[in-house]
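Hi there,

Here is the structure I promised to pass on. Have a look at it first, and then read on for my notes.

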Amino acid sequence: MKLLVVFYSMYGHILKMAEAEAAGANSVDGVEVSIRRVPETVPEEVLKKAGAWEAHQACSLYSECLLDELGEADGVIFGTPTRYGMMAAQMRQFLDTSGSIWAARKLTGKVGGVFTSSNNQHGGQEATILSFHTTLLHHGMIIAGLPYNFAGQTRFDEVTGCSPYGASTVVGHDNKHMPTDNELDGARYQGRYVALLTKTLAPARAAMMKEMK
């Protein structure tokens, strides 16, 4: 089974979460996991002025995602920071190029999940994930969140992300607060959950697609 983690990260928070999602998915036998980034649209000089150049270079260690890879995957987990309660423009632009994948119904019946970040606890994390789900549903994907089996999302002893909609991290207004152990645990849990669902459902998908023709 092939599972793809596709992310956009400006300051490195989503990159760390993507790596944790991949680690969780990799813990499932028989699942091959790849991490891919979406293209950056912000000019280099702007990234440097914004203090995001170092993180951009770290993200660039991963190859840009190709549409063929998206279509070939048995399951996909997407990661994006919030932008006013919605996904980042870079991720939106990438998804807006996926018309050929949609037309060929290549994601129908596959498992999809979303994780995110925001500057504060009420920065639109849930709205971002839920609005992202709309695109996945248009592609015919089966949505996987972060079930309450992950008890870390109910703790009160620290400021933390994660919700039943998906893993998340709170980064602070200066963007220097990297994901906590609890938030990374949530990402790993979601990655493993998506991988297990993918492994369970993928064998039946081929038969289902034949019935749907």
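Below is what I found, going from the overall fold to one helix.

Please keep in mind that this is a predicted model. The protein has eight helices and seven strands. For 213 residues, a compact globule would have a radius of gyration near 17 Å, and the value here is 16 Å, so the two agree. Along the principal axes, the C-alpha atoms fill a box of roughly 50 × 40 × 30 Å. Buried residues account for 51% of the chain. The exposed surface comes to about 10300 Å², with 54% of that supplied by carbon and sulfur atoms. Of the contacts between residues at least 6 apart in sequence, 78% join residues at least 24 apart.

The helix I spent time on is α8, residues 181-212. Its 32 residues should span 46 Å at 1.5 Å a residue, and its end C-alpha atoms lie 43 Å apart, which agrees. There is still a kink in α8: about 40 degrees at Ala202, shortly before the proline Pro203.

Ala202 is also one of the buried residues of α8. Others on that list include Leu184, Ala187, Gly191, Val194, Ala195 and Thr198. When you look at their spacing, remember that an α-helix has 3.6 residues a turn, so residues three or four places apart point the same way. The buried list of α8 also holds Asn182, Glu183, Gln190 and Arg205.

And what covers these buried residues of α8? The cover includes the helix α1 (13-26) and the strands β1 (2-7), β3 (75-83), β5 (111-118) and β7 (168-170).

Best wishes

Technical notes
Residues numbered from 1 in each chain as written. Predicted model: local features only at pLDDT ≥ 70, side-chain atom pairs only at ≥ 80, totals over all residues. Heavy atoms only, no water. Helix = DSSP H or I, 4+ residues; strand = E, 2+ residues; numbered from the N terminus. Expected span 1.5 Å × (residues − 1). Bend = angle between axes of the 7 residues up to and from the residue. Buried < 20%, exposed > 50% of the residue type's maximum accessible area, 1.4 Å probe, protein only. Contact = heavy atoms within 4.5 Å. Rg over C-alpha atoms; globule rule 2.2 N^0.38 Å. Areas by Shrake-Rupley, 256 points an atom, 1.4 Å probe, with all protein chains shown as cover.
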